[in-house]
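Please take a look at this model. A student and a tutor will go through it.

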Amino acid sequence: MGKVMLEVKELKTKYVTRFKEDVFAVDGVSLKIEEGKSLGVAGESGCGKSTLALSLMGYYFAPLHYISGDIIIDGNNISGMKPDDVRRKILGTEIAYIPQAAMNALNPTQKIIRFVEDVIHVHDKGMSKKDIYDMAVERFRILGLPPEVLQKHAVELSGGMKQRTVIAISTILSPKVLIADEPSSALDVTSQKMVIKMMRELMEKGFIKSMIFITHELPLLYNVTDDIVVMYAGQIVEKGTAKEMVFDPVHPYSKGLMGSIIVPEEGTRDVQLEAIPGTPPNLKHPPDGCRFAARCKYAKPECKVYEVPEKDFEDGRMYRCIYDVDYLKEVYGRNG
Amino acid sequence: MAKELGKSVLKGENITKVFGYGKTRTEAVKQVNFDFHEGEVISIVGESGSGKTTIARMILGLIGITEGTLLFNGQPRDISNGRKKKEYWKNIQAVFQDPFSSFNIFNKIDDLLLDCINMTGGKHKSDKEKFDMMTEACSFVNLKYAELTNKYPFELSGGQMQRLMIARVFLLKPKILIADEPTSMVDACSRATILDMLLKLRDEINMTIIFITHDIGLAYYVSDSVYIMEHGKFVESGPAEDVIIHPQAAYTKRLISDVPKIYGEWDLSTV
């Protein structure tokens, strides 16, 4: 067992809206990532994936607010730190974050090298421009990006290239955790593959020590990450290795998600797609009991009354459902 | 799914589209041939900029065809004046990528659905009949008409709007439906719902669906035949099973190898 890079305990955050109606978008999430491992977060739109990413950074700005819980990066608890301290001490060196449309974050009037200088100067004011340039060229070369990119403006680069450039810049200080929120969703398949290859290289060369990858595209998650958690309505409903989660899901919601996978591979054409009816609940007023009960095929009256705790089974797997694993598997077997 | 093909509804012969002239002349679509049949599901797959949306727009009659003929039901298509164009659009409809910009934001949803009924000759029906038709269309796409009435399109979520587009198609009952990236703005779950609805609709009114997409998995799942497009040309076409599982053209092979797999190995070394 490797060293724990990121540990999150019972993290709760909320969005404060007008009229005093709070939205509890992350509601009691616990995670653990070891050195050299990557974790995928899957779920529908609106189930709290992106809020989780923002919350993990510890960088809270209105309307997002921290309620309780711990975020421990390499033994260092960052929860409750002031946003300014987080920006100076944590972002870039401990945690790096790549949003979905990261490529639009580049100011079109600046050369790429200026962004690298900006990132480094927040943490180390004394470094000379020459040193920064050499360091950036070296890093870009290792990651397979042509170093000439550094002297270009953002408009001269293609979408995929911009995205890879942003990833290279944000990981230039070798952060311990990289949080990637849909880094390849806006790209075509070939650029997507290049981004994924680059992220794998970052992991292999040790430029980042661990990674959280958020996407709703399950085949991609399966190929990128070691473990997968499935989120629903601000909570984690199931956790397991990528293989277990894709081929042997336990929670009815994960089962539904995996049933919507489409891949261009032989024999997948005749499989009936399983769609989950309905939409995720409104998190202003989360339902009592199991949050998935209203959309669950197997729900019984008790489901809507009692809060379901996280249940561990086998090693390292967790799920949140009142039924036993054996019962669920039997039901799935019966339904094909 | 090898099934018998119906009669040809849309046939393109040497269709070419040129934008601009002189130095800026671009051939977006170059001499393509296609033949779409009744009740068939077709996918046109290609990367951004390959000209797939241009083909869709030419078929819809939104832009002119520079060269070549388009045969609709065996006759050359005639949309030379407004009335003929309207007549043509009764037979051919589209669902676009962005549900948010597909509706007139000043019209309530009731008006939108009423328009569809009026357009297909239901103008003289009683209010009760119209109401029943709208309710039926909404329930077909798992929406409740009672919840939609008196609302504006922007009050709905993306998935709901996309389903409302399908409800429109249900009322219009066109011969051909062009679905231009219908699922690229929704997540995998809603994607499954929307695809199932479109296929159910196909079975119901025996219409031809043309999917314009870059999602090869989707093309493989839904379509009877697939056309792969690169730089304005079809590089490969045929039944989905043949094209996607046993691709011949180098471009198709590359495209398919770039999609993440779950049963086989996904080779990252090829980029």
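What follows is a short exchange on fold, sheet and one residue.

Student: What should I know about the model and its numbering?
Tutor: This is a predicted model: local features need pLDDT of at least 70, side-chain atom pairs count only at pLDDT 80 or more, and totals for chains, interfaces and linings use all residues. Residues are numbered from 1 along each chain as its sequence is written, while chains are lettered from A and ligands numbered from 1 in the order in which they are written.

Student: Which are the edge strands of the open sheet of four strands in chain A?
Tutor: Strands here are DSSP runs of E, at least two residues, numbered from the N terminus. Two of them pair if DSSP finds at least two bridges between them. The sheet has the order E2-E1-E4-E5, with antiparallel pairing. Pairing on one side only marks the edge strands of chain A, E2 (22-34) and E5 (76-77).

Student: Which residue stands opposite A:Ile73?
Tutor: Strand E4 (residues 64-73) of chain A pairs with E5(A) in the antiparallel sense over two bridges. The residue in E5(A) opposite A:Ile73 is A:Asn76.

Student: Is A:Gly234 buried or exposed?
Tutor: A:Gly234 lies in the loop between strands E9 (227-232) and E10 (235-241) of chain A. A residue is buried if 20 or more other C-beta atoms, placed from the backbone, lie within 10 Å of its own, exposed if 12 or fewer, and partly exposed in between. A:Gly234 has 26 other C-beta atoms within 10 Å, so it is buried.

Student: How far apart are the C-alpha atoms of A:Gly234 and A:Arg291?
Tutor: Along the chain, A:Gly234 and A:Arg291 are 57 residues apart. Their C-alpha atoms are separated by 9.4 Å.
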